[in-house]
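Dear colleague,

I am handing over the structure we spoke about, and I would be glad if you could keep it open while you read the notes below it.

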Amino acid sequence: MEFEGVVYKILPPTKGTSARGDWQRQEVIFELPQEFSRKVCVIFFNKESDVARLREGMTCTVSVNIESREYNGKWYYVKNVNSDNHLATYNGDSNEMRLD
């Protein structure tokens, strides 16, 4: 799924260590410019360099994987940034960044 939004808030990273090594998870809130604007939380998992390029107020096109998970009989959805050949390009002239 792909959407365009404005970076509303960059939350502090959460770091940890698992059996596979160190990891970092960071959530970024995007505001979708519509008549009734909505906010979407996107999780960046081990994408420190991509999050470092984001600035609040910046317009981005984001490609995400949408996934639902069950926990104790309740379902939750998660939006993760695509991990396949994940690249971010920034157009310095227009304050826009594309996350592919």
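What follows is a short account of what was found, beginning with the overall picture and ending with a few individual residues.

Please bear in mind that this is a predicted model. The average pLDDT of the protein is 78, and 76% of the residues score at least 70, but the confidence varies between elements: strand 2 (residues 14-18) has the highest mean pLDDT, at 93, whereas strand 7 (residues 88-91) has the lowest, at 38. Over residues 83-97 the pLDDT stays under 50, and although the model has 35 contacts beyond four places in sequence for these residues, I would treat that stretch with caution. Where pLDDT is low, the predicted coordinates should not be read in detail.

As for the fold, the protein has one helix and eight strands, and reading along the sequence one meets them in the pattern β-β-β-β-α-β-β-β-β. Of the contacts between residues at least 6 apart in sequence, 46% join residues at least 24 apart. Buried residues make up 33% of the 100 residues, and the accessible surface comes to about 6900 Å², with 46% of that area belonging to carbon and sulfur atoms.

Turning to the interior, the largest nonpolar core has 14 residues, and Phe3, Phe30 and Leu54 are the ones that touch the most other members. At least two residues of this core are supplied by each of strand 1 (2-10), strand 3 (21-32), strand 4 (38-45) and strand 5 (59-71). In soluble globular proteins, nonpolar side chains tend to be buried together.

The charged residues deserve a separate look, since the structure holds three salt bridges. In one of them Glu27 pairs with Arg25, the closest N and O atoms being 2.6 Å apart; Glu27 counts as partly exposed at 22% relative accessibility, and Arg25 is likewise partly exposed, at 32%. In another, Glu31 is joined to Lys39, with 3.6 Å between the closest N and O atoms, and here too the partners are partly exposed, Glu31 with a relative accessible area of 24% and Lys39 at 44%.

The remaining salt bridge links Asp50 with Arg53, whose closest N and O atoms are 3.5 Å apart. Both residues belong to helix 1 (residues 48-53), and because they are three residues apart there, about one helical turn separates them. Asp50 is buried, with a relative accessible area of 4%, whereas Arg53 counts as partly exposed at 37%.

Finally, I would point you to Glu56, which is found in the loop between helix 1 and strand 5 and counts as partly exposed at 48% relative accessibility. Which residues does Glu56 contact, leaving aside its neighbours within four places in sequence? They are Val7, Tyr8, Lys9 and Ile10. Glu56 and Tyr8 are 48 residues apart along the chain, yet their C-alpha atoms are separated by 5.5 Å. With Ile10 there is a further detail to look at, as the side chain of Glu56 reaches the backbone nitrogen of Ile10 at 3.5 Å.

With best wishes

Key
Residues numbered from 1 in each chain as written. Predicted model: local features only at pLDDT ≥ 70, side-chain atom pairs only at ≥ 80, totals over all residues. Heavy atoms only, no water. Salt bridge = Lys/Arg side-chain N within 4 Å of Asp/Glu carboxyl O. Buried < 20%, exposed > 50% of the residue type's maximum accessible area, 1.4 Å probe, protein only. Helix = DSSP H or I, 4+ residues; strand = E, 2+ residues; numbered from the N terminus. Contact = heavy atoms within 4.5 Å. Areas by Shrake-Rupley, 256 points an atom, 1.4 Å probe, with all protein chains shown as cover. pLDDT = per-residue confidence, 0-100. Core = buried A, V, L, I, M, F, W, Y, C linked by side-chain atoms within 4.5 Å. Polar contact = N/O pair within 3.5 Å; in protein donor to acceptor, adjacent residues only side chain to side chain.
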